[in-house]
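Reader: Before we begin, please show me the sequence and the structure. I should then like to put some questions about them.

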Amino acid sequence: MNNKNNPKRAVPGIRHYDGPAGGWGALKATAIAVRTQMDTLDAPATLLRTNQPDGFDCPGCAWPDKEHKSTFQFCENGAKAVTWEATNKRVTPEFFAHNTVTALLAKSDFELERYGRLTHPLEYHPQSDTFRPVEWERAFARIGEILRELPPDTVEFYTSGRTSNEAAYLYQLYARELGTNNFPDCSNMCHEATSVGLPRSIGIGKGTVSLDDFDHTELVISMGHNPGTNHPRMMGTLHELARRGVPIIVFNPMRERALERFADPQSVVEMATYGSTDIASTYFQVKAGGDAAALKGIAKHLLQMEAERGGVLDDDFIATHTQGFDEFSADIRATSWDAIERESGLSRHDLHSVAEAYATSRATIITYGMGITQHNKGTANVRLIADLLLMRGNIGKPGAGICPLRGHSNVQGNRTVGITEKPSAAFLARLEEVFGFVPPPHHGHDAVQTTQAMIGGEAKALICLGGNFAVAMPEHERVFPAMRTLDLCVHVGTKLNRSHLLTGKETFIFPCLGRTELDIQRTGKQSITVEDSMSMVHASAGNLNPASPHLLSEPAIVAGMAKATLTNSQVDWAGLVADYDLIRDLIEKTLPGFERYNERIRIPGGFRMPLPPTERLWPTATGKAMFSVFAGVEENQKGTGEDILRLVTLRSHDQYNTTIYALDDRYRGVFGRRDVLFMNEADMAQRGLEHGDCVDITTALPGRDLRLEAMTVVAYSIAPGTVGAYYPEANVLVPLDYLDKESGTPSYKSVPVRVVLRSKEIVAL
């Protein structure tokens, strides 16, 4: 079905939406976001500075900027991200005086962030159960006192992907001089499989394509992502490709409107005629967890075509630039079509057609998102994509390559400047040479390991540079109580969220400047830098007056804590905050690829980090690109018993990670609610369920009693055997240890579950 819900049974808040992605619907949503959050006079000028050379980088996604020729460089979701940050609503000390933490915990995540911008540094007072304002220096001094009394490896340093290169670099310097490599970060929960898998395949943990490559490609294969919501500026590129007649083959369990039809708000013709452009030339609804089987099916047919007629594989490239092809091809030949069809949910004919299209394309790009990485074989999935590209030499030539799609606007930059629990020996040696201290050589904790250390009582302090750590993690019923056992919690952010309220013995909330705001330090106005999905590093500078005179920048907050903690440090923390050029000078001294850093970020558009595979140079252990072997076609663990479905957690169109802008999901036809379970009609019929039924969902793994209750079934075009529910609410069904063993990424996209009827009554709003 095409998301047309059963007309015989109306369900409150569920109705068919027939419009394309983008178009007038997007402009209306943008207008509502502006009207409800910002002063009308400020909004246009602010939005028009988004993603411009003299403006700020949108926090809404990591898609690269075009040459700045079009009228505006923001989209609907970008406008929501900007107005959400630049809101005129404020959360003052008076607000906290009248609202206890217990009362605030009863609010929804949506309500908490909707209160507005934090205005003062805050300290939790358990006697009154409230947050009260605190002086910055007193707070820094107390944090320093606590941390000096703790073993360094009991302190966890979490980083959100919105953090700038400058703040992230100071943060890793602070933690390593303290003596730990505990760096849980948001990448651990999304693209860690890329960071682990691609270095094994091609030598770097980043994509190889540039925006220019999309101008030369002859085929795009899109796997496991919904660009209309999660990297919306990509839609302009896909729209251009579709208008040029470039095939776009989509693999995704759910029918997503943005991958079907899109109306470009910058197209006068489409807006005037209410027209749109079809995006996907072919759409395959692969089962959740079936991507590896689909990829192996495509590769299997390529090998068959090569055997029958030759000239399909790039033999010269394989011989000159790769190793491991014989083992890879032997495994592919040994994999049966029955297993491929069963696990992928796709037919042999479907996969043949993709292989035929791929074989005729002289330049192919494969894009992928968390639908590939958030599985318990996510790393292997990533390597299979690389294998498929290597078969035809589609890395290191114009119009071709691998394109992982990051969500946060600087999650890739954070990793580049040192936010990793597994630092290289070369990087640590450079830190020691430049700063004169010996950084710890052992690996630290990732996000799951940090959570397990909290639950087990080994972790004593958690410092969060942005984000909503506890809510983003799986198994809330274990994570939330563990937060309360910590000696110290520190949260740096712009708005209130649930993690802030899970107070430890001592808890501080530090409000920081946002991307849209002026950052004035002792030497004048400062710029920060970010790195996008295609390794372009560029400057970003806000222009709005700060939401409060009591805000500090993220670099200033990090430096304040570091100076108060590391009493014998030789680092000039105050001097670095006074002039961010000095931070960039240190990055240049300790990390490759940042030569002439300050000079190059002053050029509009910035510069690209080195990507050796684009020149067919492979910084692997062998000096070659490496084929891999994915044994079988299945995920590591399967559910126990019958009637097993695989749960995909997903974001609504009015959402950015854990931030919920509104309770609508326009393109999927959900309005004013989030308590829904998307199901295939055949799966519903098999279980005696109807559209609108109330159900409970339970995790179908041994020894697990994880439940999500009172969810409303919504009939939807989703692959048989697959169900979908919203993140982060459905995180309660994801076991903390159900993850990709290679990367540590939780399996948010393929949890075995059962669905049990709770009531035949339609659940009202």
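Author: A definition is needed at the outset: a nonpolar core is a set of buried Ala, Val, Leu, Ile, Met, Phe, Trp, Tyr and Cys residues joined through side-chain atoms within 4.5 Å. Please note also that this is a predicted model.

Reader: Which residues of the largest nonpolar core touch the most other members?

Author: The largest nonpolar core has 60 residues. Helix α8 (residues 165–178) supplies the largest share of this core, 8 residues. Within the core, the residues that touch the most other members are Tyr174 and Phe510.

Reader: Which residues does Tyr174 touch, not counting residues up to four places away in sequence?

Author: With those neighbours in sequence set aside, the contacts of Tyr174 include Ile143, Leu147 and Phe157. Its further contacts include Ile463 and Val558. The list is completed by Met561, Ala562, Thr565, Leu566 and Trp573.

Reader: How many residues does the other core have?

Author: This other core lies apart from the largest one. Among its members are Leu346, Ala386, Ile395 and Leu611. Its size is 56 residues.

Reader: What percentage of the residues in the protein chain is buried?

Author: The protein chain has 32 helices and 31 strands. It exposes about 26,400 Å², of which carbon and sulfur atoms supply 52%. A residue counts as buried under 20% relative accessible area. Of the 765 residues in the protein chain, the buried share is 66%.

Reader: At what angle do α8 and helix α30 pack?

Author: Two packed helices are described by the angle between their axes and the distance between the axes. In α8, Asn165, Glu166, Tyr169 and Leu170 meet a set of α30 residues that includes Tyr580, Ile583 and Arg584. The crossing of α8 and α30 is left-handed. The axes of α8 and α30 (residues 580–590) are 10 Å apart, and the packing angle is about 65 degrees.

Reader: Why is strand β17 described as largely enclosed by the rest of the structure?

Author: Strand β17 covers residues 506–511. It is largely enclosed by the rest of the structure because, of its 6 residues, the number buried is 5.

Reader: Which residue in β17 is the bridge partner of Leu488?

Author: Strand β4 (residues 122–125) runs antiparallel to β17 and is joined to it by 2 bridges, with Leu122 opposite Ile509. Strand β16 (residues 488–493), in contrast, runs parallel to β17, and 6 bridges join them. The β17 bridge partner of Leu488 is Glu506.

Reader: Which residues of β24 point one way, and which the other way?

Author: In a regular strand the side chains alternate between the two faces of the sheet. Strand β24 (residues 645–650) is mostly covered, with 6 of its 6 residues buried. Leu645, Leu647 and Thr649 point one way. Those that point the other way are Arg646, Val648 and Leu650.

Reader: Which residue in β30 stands opposite Thr649?

Author: On the antiparallel side of its pairing, β24 has 3 bridges to strand β31 (residues 751–759), where Arg646 has Pro752 as its bridge partner. With strand β30 (residues 722–726), β24 pairs in the parallel sense over 5 bridges. Opposite Thr649 in β30 stands Ala725.

Reader: Is Asp683 buried or exposed?

Author: Asp683 lies in helix α32 (residues 681–686). Its contacts, not counting residues up to four places away in sequence, are Leu645, Ala719, Pro720, Gly721 and Thr722. The cut-off for a buried residue is under 20% relative accessible area. Because Asp683 has 7% relative accessibility, it counts as buried.

Reader: Which residue in β14 is the bridge partner of Thr367?

Author: Strand β14 (residues 401–404) has Gly401 and Cys403 pointing one way and Ile402 and Pro404 the other way, and all are buried. Strand β13 (residues 364–368) pairs with β14 in the parallel sense over 4 bridges. The β14 bridge partner of Thr367 is Cys403.

Reader: Which strands stand at the edges of the open sheet of 3 strands?

Author: This sheet has mixed pairing and the order β1-β9-β10. Strand β9 (residues 261–263) pairs with β10 in the antiparallel sense over 2 bridges, and Arg261 has Asp278 as its bridge partner in β10. Each edge strand has a single partner strand, so one side of each is left without a neighbour in the sheet; these strands are β1 (21–22) and β10 (277–278).

Technical notes
Residues numbered from 1 in each chain as written. Predicted model: local features only at pLDDT ≥ 70, side-chain atom pairs only at ≥ 80, totals over all residues. Heavy atoms only, no water. Buried < 20%, exposed > 50% of the residue type's maximum accessible area, 1.4 Å probe, protein only. Areas by Shrake-Rupley, 256 points an atom, 1.4 Å probe, with all protein chains shown as cover. Pairing = 2+ DSSP bridges. Contact = heavy atoms within 4.5 Å. Axes fitted to C-alpha atoms, helices over the stretch in contact; angles between N-to-C directions. Left-handed = near helix turned anticlockwise from the far one by under 90°.
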